[in-house]
Amino acid sequence: MKAPVQRVLWWATAAAALAAVFVAYLNPHTVVDLATRVWACF
Amino acid sequence: MNAASMPARPTQTPLSMRQVLICGAAIVTLSMGIRHGFGLWLAPITMDRGWTRETFAFALAIQNLAWGLAGPFAGMLADRFGAYRVLLVGAVLYGLGLVSMGLASSGLAFMGGAGVLLGMAQSGTTYAVVYGVIARQVVPEKRSWAMGVTAAAGSFGQFLMVPVENGLIAGIGWQNALFVLACGALIIMPLAIGLKEPKPAADSGPKQSVAAALGEAFSYPSFGLLMAGYFVCGFQVVFIGVHMPSYLKDHGLSPQVATIALALIGLFNVFGTYTAGSLGQRLPKRYILSTIYALRAVAITVFISAPLTPWSVYIFAAVMGFLWLSTVPPTNAIVAQIFGVRYMSMLGGVVFLSHQVGSFLGVWLGGKLYDATGSYDMVWWIAVALGIVAALVNLPVRETAIQRAALKPA
């Protein structure tokens, strides 16, 4: 595989992974659950 | 510059850069990620065991101090016996620490497991040890970039593991979640084999004893300046990480704002660490560090001066996230550049100790001054002042290799 194509694939994979995790944070159930746990510390 | 003081270039590179990066990045993703969500266990553990929050918080404070104090020793052992051996022991300690965190039925046992064991485990599985291998196996021209990639992986681990750990606690209970993570920590062991160097670090660079290397570093002004900067990094990051939710709560913002801010810090931290490492290949790293600290001071000033709204919090979280661990690649790359790679892990551990002292003070002073004054204002301004100091002290750092006229190459 040519280097530029490989590079684009690496970046696309990284961007997809980051987007997937960010979406996980924004899931309404996760936000409320996480917020409750974080808030419990204070 | 004489031959002995030339930046050490690997004389043989049997470990491919891809192998070093994949294994190193995966190790740091696990080690930095697992520890990042420990705060999520506060409520379930203290309620289940009937402990006070202080018991839990004290164990985590001990963990951070143990991480810092054990760092130079873990680094020394990694430089002497090979990073992969230290990583293997670190992975076992990580697993044991998590299991004992789940089983501890007394505050003292919890402090031993979650505090001492996990702190030691982190010192053996995080940046200082992995960076030693990167510094020795990756050519100097790509070293800062490679450190940036690894730091970005650690940042990704932190970003990833919070929702994962939250889901584990909700799905299988806090105790089983810790046991699952203990198994996850053991994945570091096969990955460590990928960082097994064919040539000991002791053969990289000039002959020098541990004491001589430490004496040389401490008598070199730039090393002290880097330590001072890293101290500020630890102070700011941990103060904000620990006390910001409380600050937002005091100002009437909803818990969801704090959660999204946490996500934004994690997301932008990945970009920031990678960018800092990449820029380190093209620009003087002392200027990168100065800029990071100056921007932090500006960001905090604007944040605390402007009206507090969810959007001001999100913008601040994104900016601070970008600057969060971006100091890690340039600081470590300068250490390698000045002193060579033979004692890279040990010296990286020493610099990191300064970071942890700053972290400890950031958490403690944040609480202390809040109790004394009823607000976080004073600590925010201390963070601004320290940012300015760190921006200034990094400017005169000399990045060139140290002169060692009397030393023989190994």
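Which residue forms a salt bridge with Asp79(B), and how far apart are the closest N and O atoms? In this predicted model, the partner is Arg136(B), and the closest N and O atoms of the two residues are 3.4 Å apart. A search of the whole structure finds three salt bridges over all chains, whereas the count between chain A and chain B is zero. The points below take up the charged pairs of chain B, then the contact between the chains, then chain A by itself and finally one glycine of chain B.

**The network around Arg136(B)**

- The pair of Arg136(B) and Asp79(B) links distant parts of the chain, since Arg136(B) belongs to helix H6 (residues 127–137) of chain B and Asp79(B) to helix H3 (residues 53–81) of chain B, with their positions 57 residues apart in sequence.
- Arg136(B) has a relative accessible area of 3% and is therefore buried, and Asp79(B), also given a relative accessible area of 3%, is buried as well.
- Arg136(B) also meets the side chain of Glu197(B) in a salt bridge, with an N to O distance of 3.0 Å.
- This second pair again links distant parts of the chain, for Glu197(B) sits in the loop between helix H9 (188–193) and helix H10 (210–218) of chain B, 61 residues apart from Arg136(B) in helix H6 of chain B.
- Glu197(B) counts as buried because its relative accessibility, 12%, falls under the 20% cut-off.

**The pair of Glu399(B) and Arg286(B)**

- The side chains of Glu399(B) and Arg286(B) meet in a salt bridge at 3.2 Å, taken from N to O.
- Glu399(B) lies in the segment after helix H17 (377–394) of chain B and Arg286(B) in helix H13 (residues 285–305) of chain B, so the salt bridge ties together parts that are 113 residues apart in sequence.
- Both partners, Glu399(B) and Arg286(B), are buried.
- As for shared partners, salt bridges join Asp79(B), Arg136(B) and Glu197(B) into one network.

**The contact between chain A and chain B**

- Chain A brings 21 residues to the contact and chain B brings 33 residues.
- About 2,600 Å² is buried between chain A and chain B, and carbon and sulfur atoms give 76% of that area.
- Across the interface of the two chains, one residue pair is found in polar contact, with both residues at pLDDT 80 or more.
- On the side of chain A that touches chain B, helix H1 (3–26) and helix H2 (28–39) of chain A each supply at least two residues.
- The residues on that side of chain A divide into 17 nonpolar, two polar and two charged.

**Chain A by itself**

- Chain A contains two helices and zero strands.
- Of the 42 residues in chain A, 29% are buried.
- The area that chain A exposes is about 2,800 Å², of which carbon and sulfur atoms supply 75%.

**Gly37(B) and its surroundings**

- Gly37(B) is found in the loop between helix H1 (17–36) and helix H2 (42–49) of chain B, and with a relative accessible area of 4% this glycine is buried.
- Leaving aside residues up to four places away in sequence, Gly37(B) touches Val162(B) and Glu165(B).
- Gly37(B) and Phe159(B) are 122 residues apart in sequence, while their C-alpha atoms are 9.4 Å apart in space.

Technical notes: Residues numbered from 1 in each chain as written. Chains lettered and ligands numbered in written order. Predicted model: local features only at pLDDT ≥ 70, side-chain atom pairs only at ≥ 80, totals over all residues. Heavy atoms only, no water. Contact = heavy atoms within 4.5 Å. Buried area = accessible area lost by both parts, 1.4 Å probe. Salt bridge = Lys/Arg side-chain N within 4 Å of Asp/Glu carboxyl O. Polar contact = N/O pair within 3.5 Å; in protein donor to acceptor, adjacent residues only side chain to side chain. Helix = DSSP H or I, 4+ residues; strand = E, 2+ residues; numbered from the N terminus. Nonpolar A, V, L, I, M, F, W, Y, C, P; charged D, E, K, R; others polar. Buried < 20%, exposed > 50% of the residue type's maximum accessible area, 1.4 Å probe, protein only. Areas by Shrake-Rupley, 256 points an atom, 1.4 Å probe, with all protein chains shown as cover.
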